[in-house]
Amino acid sequence: MKRCYDCPRGCGAARDDGAVGICGGAKHARIAKIIDPFEYEEPCLGSVTAVFFGGCSLGCSYCQNHKISRGGAGEEYSDDALAKVFDGARGAIDLVTPSHYLSAIERALPLCKRDNSFIYNTSGYDTVDAVRRASAFTDVFLTDYKYADSDIAHRFSRARDYPQTVVNAIEQMRKTCDEWTEHGGKRILKRGLIIRHLVLPDCVQNSIAVIDDIARRWGTDVVLSLMSQFTPNGVGEPSVRLRKIEYKVVAEHAVKLGFKTGYFQEFCSASSAYTPEF
């Protein structure tokens, strides 16, 4: 009996035999929504088709997509059907929260009728082995680095091991060297790594520690996306809104460190407009 240890939770669910893992996933990938084109990712990714998978191995209390990450939204796709989704996409395929369906994605890829470009859009809560496997088909890793503080990681995501786990995962992702191209007058990241960080209310010191760690480990040339779009989801904490001064402090710290490539969000991004309807 094959058991699943694809994610750091290591629950060992026999998903191929019908069991459901702690992530909410069974054998076949569950897709909650496909958005084509999806216009809310970093501009250097160009035009993308977003495939939102249901379930999640991390399960953050404040998840803005909680209706699909913790609910049962979506429908299961056979391996052949998943391959057809990939082949029907326009532009790069943005795999949103794919980690717990890595095995299903791997089974679908040989069934594709064409070569596709993939963005691995992950929480960063990945094993090194999973990242190594994903590297076989991933063009751009779009990863979160949520927490440098293990207590905050435990409070919001029940994952005290997140800080070390995400560092190990990004070390493996960083082996994919950045490769840029021009398209329509815009600079596009063809291959490489983008590290995102969402600033949370009352967690400025955690954010500063994250930014410091990114600069120390991978340098200030890495593509950094510093997000202000936190919006209370009404079901978990934090239940208060991010204050403008909190984001300003973190953004100014990133500038002071000398980050050269990346994105800052307008503070007006902290709204439900960044949360797709599921």
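These are my notes on the cores, one helix residue and the two largest pockets of this structure.

**Entry 1: the model.** I am working from a predicted model.

**Entry 2: the largest core.** I started with the nonpolar packing. In general, nonpolar side chains in soluble globular proteins tend to be buried together. Here the largest nonpolar core holds 66 residues. I asked which of them touch the most other members. The list is F53, L82, F86, L95, Y145, Y147 and I214. Helix α7, residues 204-218, gives this core its largest share, 7 residues. I noted a second core apart from it, with 16 residues. Its members include I35, L45, I119 and L142.

**Entry 3: Y147.** I picked Y147 from that list and looked up its contacts, leaving out residues up to four places away in sequence. Y147 touches C60, Y62, I152, A153, F156, S157, Y162, P163, L200, N206 and V210.

**Entry 4: Q205.** Next I went to helix α7, where Q205 lies. Is Q205 buried or exposed? Exposed is the call, because its relative accessibility is 60% and the cut-off for exposed is over 50%. I also checked Q205 against A148, 57 residues away along the chain. Their C-alpha atoms are 9.3 Å apart.

**Entry 5: the largest pocket.** I then turned to the pockets. What volume does the largest one have? I read about 950 Å³. Its lining counts 43 residues. Closest to the centre are E41, Q64, R196, M227 and Q229. I looked up which elements supply at least two lining residues each. The strands are β2 (48-53), β5 (118-122), β8 (186-198), β9 (223-227) and β10 (262-264), and helix α1 (66-69) joins them. By class I found 21 nonpolar, 15 polar and 7 charged residues in this lining.

**Entry 6: the second largest pocket.** This pocket has about 350 Å³ of space. I find 15 residues lining it. Nearest its centre lie L45, A92, I188, L189 and K190. L45 had already come up as a member of the 16-residue core. Two or more lining residues come from each of β5, β7 (179-183) and β8. Which element gives the most? That is β8, with 4 residues. The class split of this lining is 7 nonpolar, 5 polar and 3 charged.

**Entry 7: cross-check.** I compared the element lists of the two pockets. β5 and β8 are on the list for the largest pocket, and both are on the list for the second largest.

Technical notes. Residues are numbered from 1 along each chain as its sequence is written. This is a predicted model: local features need pLDDT of at least 70, side-chain atom pairs count only at pLDDT 80 or more; totals for chains, interfaces and linings use all residues. Side-chain values use heavy atoms; hydrogens and water are left out. A nonpolar core is a set of buried Ala, Val, Leu, Ile, Met, Phe, Trp, Tyr and Cys residues joined through side-chain atoms within 4.5 Å. Buried means under 20% relative accessible area, exposed over 50%, partly exposed in between (1.4 Å probe, protein chains only). Contact means heavy atoms within 4.5 Å. On a 1 Å grid over the protein atoms alone, a cavity is a set of points where a 1.4 Å probe fits but cannot get out, and a pocket is an open set with protein on both sides within 12 Å along at least five of seven lines; lining residues have an atom within 4 Å of a point. Grid points are joined across faces, edges and corners, and a volume is the space filled by probe spheres set on the points. Ala, Val, Leu, Ile, Met, Phe, Trp, Tyr, Cys and Pro count as nonpolar, Asp, Glu, Lys and Arg as charged, and the others, Gly among them, as polar.
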